[in-house]
Every structure is written in C-alpha cells, then in structure tokens.
Amino acid sequence: MFKYLKFSKRGRIGILTLDRPEALNALNEDVFKELAFFFDNQEIIQSIRALVITGEGKAFIAGADIKAMQNFSPQDAYDFSEVGKKVFNQIGHLDVPVIAAINGFALGGGLELALACDIRVASEKARLGLPEVNLGLIPGFNGTQILPRLVGAGNAKYLMMLGEGITAEEAFQLGIVQKLVPAGTVLDFSVHLAEKMAEKSPNALRLIKELVREGMEVISTEAGKMESKEFGRLFKADQQERKEGVRAFLEKRKPNW
C-alpha cells in the first residue's frame, strides 16, 4: 500500500514508521501524499486507540528534501508549505492521541511534524532543531507559529535565528519534549505511554485535543498563511541568499552570504 510508510499494531496501538532511511526519512511531495492518505483512512484510525509515529534508521525525520526543493518556483514553495501544513493539521484532528517517538534527528520539517503531535518522547541521543535559516529559508510547516506557543517567543527565536541543533536534554528542559528515555527504548516507551492513554475515556481524550487545538487555531490560522506566503517568496529568482544557502547545503560547505 505504501512506499515510504510502514504501519503495524501492538494491540490497540498503531505504529506508523516513516521508511525512507537512505534519505534520513526526509519529507517530499510523495511522502506527504502517503501521510495524507494514511490519516484519511478511517478504517485504520478507528481500529486503534492511539498512534505512535517514528522513523526508520538513525533519524526520526531529518527535514524536508532539500534536493527536491532546489528548483522550486515561488508557487511551488507556497504549495509545498500548504500541503505540509494540511498533512500536519490532520494529525491534530485525529480523534486519537498521537505520540512522536523521536529516535534520532528531528530537524526542520521533521521537528515540525513532531510539534504537530500531542506528545513527544525522545531518545537521549536525539538532536532537534530548525536549521532553515542556514539555507536562507524559514520554517514552512507552522514552526514559526507552534514553537513560540510551546517554549515562548524568546526561546523560539533563539532556536530559529541561530539554526543550531539542540540535544534531547535541552529540548526536554525547554518543554519541546515531554519524556526523555535511553537510546533504543523510545519506541517501546512510547507504545507503553500510548497504552496508558488508551485506558482513558476516548471521548474525553478527543475533547481535550479538540479544545487545545481550537484555542491555538484562533490565533494561528492567518499567521500560518503568512508563513506559507513568505516561504514561497523566498523562492523568487532574485532571492540570492536562498540560492546560496541551498547550494552550500548540497555542496556541504559554509554559505557565502
């Protein structure tokens, strides 16, 4: 059914694994299409009481596929941002709790996907961050909106403006991650946590998600559109900084701004 996703169950708990390890599970249009199809599949969703999302190999998700983005037009970039937002919003609208089991790198769009989940559990060896500024870009999947609400404007700007990754311990201290566990145990612990949630009232869990989500969406819907618009504008032909940033990333060198 899927090329880039694997789905399995442990009892009432669903486990969705991004399975593109050769690209560190990077997000592209095909991955988004498969994720959208999965989250729309009510037969699957109604058969589980909680969902755990993780990545195959040494990464959770190492971000968006930069190679696939390098020739984007402004409209392509805007559409890509909006598609990603739509998919991540599907996570928030699922009736069941969703836990991100961060087994490794969660960078850029990978961290933004984790932020779209209800709870984040991370391996002690994981690294998280929003490094888009290093490519002359900005987060494009609601990162500029969700992160400040989670950690405060100052901490969010610190992470986004420096573009440096942080350790799982630092992410835990900031409140990005709710639980920190030894390497190699993140999936089992996340499933255990999901099983505990599955014992609670499904209706109460759904209402908690709905009320928290709606409280945030009152503020962020229009701002999210602005984020997509500015993300798209960075792909105009005269945006030399973005061109140099992406080129430097692909050539594995420091950008010459």
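Take the contacts between residues at least 6 apart in sequence: in this protein, 73% of them join residues at least 24 apart. A contact here means heavy atoms within 4.5 Å. What you're looking at is a predicted model, where local features need pLDDT of at least 70, side-chain atom pairs count only at pLDDT 80 or more, and totals for chains, interfaces and linings use all residues. Residues are numbered from 1 along each chain as its sequence is written, and side-chain values use heavy atoms, with hydrogens and water left out.

Let's start with the whole thing. The protein has 11 helices and 10 strands; these are DSSP runs numbered from the N terminus, with helices (H or I) of at least four residues and strands (E) of at least two. The radius of gyration is 17 Å, close to the 18 Å that the globule rule gives for 257 residues, so the protein is as compact as a globular protein of that length. That radius is taken over C-alpha atoms, and the globule rule is 2.2 Å times the number of residues to the power 0.38. Along the principal axes, the C-alpha atoms fill a box of roughly 55 × 40 × 35 Å.

Now, what's inside and what's outside? Of the 257 residues, 49% are buried. Buried means under 20% relative accessible area, exposed means over 50%, and partly exposed is in between (1.4 Å probe, protein chains only). The protein exposes about 12500 Å², and carbon and sulfur atoms supply 54% of that. These areas come from the Shrake-Rupley method with a 1.4 Å probe, and for residues only the protein chains shown count as cover.

For a covered element, find helix H5, residues 109–116: eight of its eight residues are buried. Glu112 is one of them, along with Leu111 and Leu113.

Just past H5 comes aspartate 118, in the loop between H5 and strand S7 (119–123). Aspartate 118 forms a salt bridge with lysine 209, with the closest N and O atoms 3.1 Å apart. (A salt bridge is a side-chain nitrogen of Lys or Arg within 4 Å of a carboxyl oxygen of Asp or Glu.) Lysine 209 sits in helix H10, so the pair ties together parts that are 91 residues apart in sequence. The two partners have their own surroundings: aspartate 118 is partly exposed at 29%, while lysine 209 is buried at 9%.

How many salt bridges are there in the structure? It holds 10. Another one joins glutamate 56 and lysine 6, whose closest N and O atoms are 2.8 Å apart. This pair also links distant parts of the chain: glutamate 56 is in the loop between strands S3 (50–55) and S4 (59–61), and lysine 6 is in strand S1, 50 residues away. Glutamate 56 is partly exposed at 30% relative accessibility, and lysine 6 is partly exposed at 37%.

Back in helix H10, glutamate 230 and arginine 233 lie three residues apart, about one turn of the helix. Their side chains meet in a salt bridge (3.6 Å, N to O). Glutamate 230 is partly exposed at 33%, and so is arginine 233 at 41%. Elsewhere, Glu244, Arg247, Glu251 and Arg253 are joined into one network by salt bridges that share partners.

Helix H10, residues 202–233, also holds valine 212. Together with Ile208 and Met216, Val212 forms a nonpolar patch on the surface, with about 260 Å² of accessible area between the three. Patches are made of residues with over 30% relative accessible area and no salt bridge; like charges are joined within 9 Å, and nonpolar side chains (Val, Leu, Ile, Met, Phe, Trp, Tyr) within 5 Å.

The loops deserve a visit too. Asparagine 28 is in the loop between strand S2 (13–18) and helix H1 (29–40), and is buried with a relative accessible area of 10%. A polar atom of its side chain lies 3.1 Å from the backbone nitrogen of aspartate 30. Leaving out residues up to four places away in sequence, asparagine 28 touches Arg20, Asp65 and Phe80.

Finally, check two backbone angles. Asparagine 142 has phi near 80°, a positive value in a residue other than glycine, and this asparagine is buried at 11%. Lysine 252, in the segment after helix H11 (240–250), has a positive phi as well, near 55°. Is lysine 252 buried or exposed? Lysine 252 is exposed, with a relative accessible area of 78%.

Notes
A polar contact is a pair of N or O atoms within 3.5 Å; within protein, one must be able to donate a hydrogen and the other to accept it, and residues adjacent in sequence count only if both atoms are side-chain atoms.
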